[in-house]
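I opened a fresh page to write down what I looked up in this structure. My notes follow in the order that made sense to me at the bench.

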Amino acid sequence: MADEEGPTVELRQRKKLKSSENKESVKEEKISDTPIPERAPKRSHMTFSQHVSLDSFGCGSFKVFLVFSDLDSSEEYWSDVLFQRFAKIFIGCLAAVTSGMMYALYLSAYHERKFWFSNRQELEREITFQGDSAIYYSYYKDMLKAPSFERGVYELTHNNKTVSLKTINAVQQMSLYPELIASVLYQATGSNEIIEPVYFYIGIVFGLQGIYVTALFVTSWLMSGTWLAGMLTVAWFIINRVDTTRIEYSIPLRENWALPYFACQIAALTGYLKSNLNTYGERFCYLLMSASTYTFMMMWEYSHYLLFLQAISLFLLDSFSLEQSDKVHEVYKIYIFSLFLGYLLQFENSALLVSPLLSLVVALMLAKCLQLNVKKGTFIAKIMKVINFYLVCTLTVTLNIIMKMFVPHRENGHMLKFLEVKFGLNMTKNFTMNWLLCQESLQAPSQDFFLRLTQSSLLPFYILVLIICFLSMMQVIFRRIGGKSLKETITLEDGRIGGRPEIIYHVIHTILLGSLAMVIEGLKYLWTPYVCMLAAFGVCSPELWMTLFKWLRLRTVHPVLLALILSMAVPTIIGLSLWKEFFPRLMTELMELQEFYDPDTVELMTWIKRQAPVAAVFAGSPQLMGAIKLCTGWMVTSLPLYNDDDLLKRNENVVCEEGDKLTYSKYGRFCHEVKINYSPYVNYFTRVYWNRSYFVYKINTVISFQS
């Protein structure tokens with residue numbers, strides 16, 4: 001009611017009205033009893049009503065009726081609204097970028113303190129690269145030594161200086177695209193005059209880790225609507241970094257180059273699936289998703305398996321009609337484009353053609369073409385959904401079998417055999433399979449893993465959030481199956497967080513990743529970052545608390561108000577407790593001066609560079625062979641890589657002969673027998689170097705090994 005003393009604002013809580021009722025709602029406003037003149041002057045006090053949602057303020061979906069008595073007042077109001085939204089986005093983006101930069105700087109400082117990297121000689125720095133990491137960095141060095149980029153690429157694609165009696169395409173076999181890009185950037189930017197190659201190399205990886213946590217920050221922010229969730233995500237990620245990343249143990253791993261792009265892809269997909277996204281935002285998310293998907297596929301040879309799990313999640317999302325099918329099928333097109341482009345640029349990598357991802361996407365496309373237009377909610381529509389689901393599963397398996405029959409491939413056959421043995425579907429005495437089963441990263445997670453997640457309060461809140469979102473999702477699905485109509489636009493008062501398509505996708509995806517992580521500990525590095533993001537989103541989301549209160553039928557306190565309070569109070573309390581308990585530990589880690597001391601390895605590498613013949617070839621454990629290749633450049637018999645059957649066979653032959661059984665043997669271990677000069681080994685081998693950790697033997701070429 002506007003009177004002579006000034007305008008008054010009336011706040012009335014309303015249920016969300018349908019679009020057809022918006023016009024009628026204006027009639028319910030209180031109108032001044034003062035008669036309206038026939039012609040109002042330019043600056044007359046005109047009374048009008050504006051219908052505003054508090055969603056833009058992060059406060060849910062209250063409906064506010066604002067009555068203004070002056071045009072200038074309305075303009076000032078909307079200016080304030082736009083300023084507040086801009087400030088919110090600006091502060092959130094600033095916090096996301098700052099979090100990523102601080103994490104990258106933290107990794108750099110921790111790495112320096114751990115290895116005293118700046119005070120080491122080049123050989124001592126290279127020894128810190130262990131196993132397959134040493135192989136990757138050695139090829140980066142080779143690219144920098146090459147007279148030109150073209151010549152360097154040719155030498156890597158026709159490499160006969162790494163593994164004896166074998167010419168390999170190292171770029172394709174070891175996914176060396178990160179090293180190619182890093183070498184180009186190092187020389188093109190003139191960094192060779194400013195920074196040493198090793199610092200530039202590890203700096204890029206640390207920078208990508210900063211992008212990684214920034215993408216997780218943005219994803220949690222998009223889901224919850226508040227950047228406070230992003231801050232909590234980053235805090236949990238860093239505190240649990242032993243279980244979220246392997247960057248501290250092995251910097252150049254392919255996953256450390258690839259997963260930041262996958263995190264960016266997930267952030268873009270989250271925004272793309274949101275129902276209230278405008279055209280420009282949708283287009284931006286689509287382009288970002290396309291670029292990050294392809295880059296992710298180029299960086300890691302196992303990327304298509306992870307995208308396969310993502311495609312399954314989207315397929316289930318589409319099957320329950322929880323999102324427009326056209327939107328999901330646009331994502332399938334990105335998969336196909338990335339697969340075929342990757343196939344062409346990865347030297348016709350046949351593993352991509354026989355990948356389950358391609359078979360699934362093609363099956364989905366075919367099923368869509370065969371799908372009939374049936375009215376939703378009818379019994380026939382439900383039957384067609386079941387038939388479509390069965391058709392997709394059958395076509396996927398059939399297409400994959402056909403592709404493997406007609407496309408020559410060597411697509412990680414040992415992985416499938418390993419999974420069969422791991423799940424008890426097959427028994428084998430094969431050395432390689434049993435050796436893989438003994439690897440710690442391929443075992444089931446230990447109790448310490450769950451204890452660490454619980455001590456940081458991450459696991460309890462993740463379970464709570466997952467249960468609420470999953471039950472709400474099932475509630476929505478059963479309502480749709482029952483033919484009940486649901487509102488397309490979900491408000492805070494509805495208490496239906498399981499109706500949002502991006503939430504459904506993340507719930508399905510985290511369940512799939514979690515199921516695999518419960519079997520193979522190495523996969524926890526894919527699942528635990530997801531746990532951080534999902535838990536932080538849930539405790540910061542008013543919709544999640546409102547969904548819980550809706551089930552509990554809370555009456556004593558207004559549920560919307562309580563949900564808003566808890567969505568800020570709970571993460572604040574968690575953040576303060578984490579700061580009090582873990583921040584001093586992080587600072588202590590940066591203050592402690594650790595020392596990487598390995599004089600025996602340094603002595604061995606120095607002896608090889610000075611005393612070993614140029615044509616010498618070294619055999620030994622795969623982990624040591626990687627270090628020898630990097631530090632000396634000498635040829636080796638095998639490499640610490642698990643994606644090549646021939647190299648795996650070479651590793652096996654170093655240990656045992658073909659046909660040997662993994663049972664008790666009357667012969668002693670060769671390494672022990674040869675050290676004590678036990679006959680007849682002394683006739684075949686001559687010790688040429690030894691120290692406390694290593695023994696080097698030369699094969700006597702005069703003696704024949706023939707019986």
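**Entry 1: The nonpolar patch**

I began with the nonpolar surface patch, and found that α21 gives the most to it, with four residues. A reminder to myself before going on: this is a predicted model. The patch covers about 490 Å² and is made by Ile 463, Ile 467, Phe 470, Leu 471, Ile 511 and Trp 551. I picked one of these, Ile 467, for a closer look, and it is found in helix α21. Ile 467 counts as partly exposed because its relative accessibility is 46%, and the partly exposed class runs between 20% and 50%.

**Entry 2: The whole chain**

Next I stepped back to the overall numbers. I noted 30 helices and six strands in the protein chain. The chain has 707 residues, and 46% of them count as buried. For the surface I wrote down about 37,700 Å² exposed, with carbon and sulfur atoms supplying 62% of it. I also looked up contacts with a separation of 6 or more: residues 24 or more positions apart account for 70% of these.

**Entry 3: Helix α24 and what follows it**

Which residues of α24 are buried? I listed Pro 542, Glu 543, Leu 544, Trp 545, Met 546, Thr 547 and Phe 549. Their cover includes α8 (197–224), α21, α23 (524–540) and α25.

Glu 543 caught my eye in that list, as a charged residue among the buried ones. Glu 543 forms a salt bridge with Arg 500, and the closest N and O atoms are 2.8 Å apart. The pair links distant parts of the chain, with Glu 543 in helix α24 and Arg 500 in the loop between α21 and α22 (501–517), 43 residues apart. Both ends are buried: Glu 543 has a relative accessible area of 18%, and Arg 500 has 9%.

Just after α24, I found that Arg 553 takes a positive phi of about 55°. Arg 553 also belongs to a positive surface patch, together with Arg 479, Lys 550 and Arg 555. Arg 555 lies in the loop between α24 (542–552) and α25 (559–591). Arg 555 counts as exposed, at 73% relative accessibility.

**Entry 4: More salt bridges**

How many salt bridges are there? The count comes to 20.

I looked at Lys 141 and Glu 126, whose closest N and O atoms are 2.7 Å apart in their salt bridge. Lys 141 lies in helix α4 (residues 132–145) and Glu 126 in helix α3 (residues 122–127), so this pair ties together parts that are 15 residues apart in sequence. Lys 141 and Glu 126 are both buried.

Arg 151 and Glu 155 make another salt bridge, with 3.3 Å between the closest N and O atoms. Both of these residues lie in helix α5 (residues 149–157), four residues apart, about one turn of the helix. Are they buried or partly exposed? Arg 151 is partly exposed at 40% relative accessible area, and Glu 155 is partly exposed at 32%.

I also noted a network of salt bridges that links Asp 243, Arg 452, Glu 521 and Lys 524.

**Entry 5: Two more positive phi values**

I then checked two residues with a positive phi that are not glycines. Glu 348 has a phi of about 55° and is found in the loop between α14 and α15 (350–353). Ser 457 has a phi of about 65° and is found in the loop between α20 (447–455) and α21 (458–481). Buried or exposed? Glu 348 is exposed, with a relative accessible area of 53%, whereas Ser 457 is buried, with 18%.

**Entry 6: Two residues and their contacts**

Last, I looked up what two helix residues touch, leaving aside residues up to four places away in sequence.

Ser 99 is found in helix α2 (residues 71–115). Ser 99 counts as buried because its relative accessibility is 12%, under the 20% cut-off. Its contacts are Val 213, Phe 217, Met 231 and Val 234.

Glu 330 is found in helix α14 (residues 325–345) and is partly exposed, with a relative accessible area of 27%. Glu 330 touches Tyr 272 and Tyr 286. I also wrote down the C-alpha to C-alpha distance from Glu 330 to Tyr 286, which is 8.7 Å, with their places 44 residues apart in sequence.

Note on methods. Residues are numbered from 1 along each chain as its sequence is written. This is a predicted model: local features need pLDDT of at least 70, side-chain atom pairs count only at pLDDT 80 or more; totals for chains, interfaces and linings use all residues. Side-chain values use heavy atoms; hydrogens and water are left out. Patches are made of residues with over 30% relative accessible area and no salt bridge: like charges are joined within 9 Å, nonpolar side chains (Val, Leu, Ile, Met, Phe, Trp, Tyr) within 5 Å. Accessible areas come from the Shrake-Rupley method with a 1.4 Å probe; for residues, only the protein chains shown count as cover. A salt bridge is a side-chain nitrogen of Lys or Arg within 4 Å of a carboxyl oxygen of Asp or Glu. The place of a charge is taken as NZ of Lys, CZ of Arg, CG of Asp or CD of Glu. Buried means under 20% relative accessible area, exposed over 50%, partly exposed in between (1.4 Å probe, protein chains only). Contact means heavy atoms within 4.5 Å.
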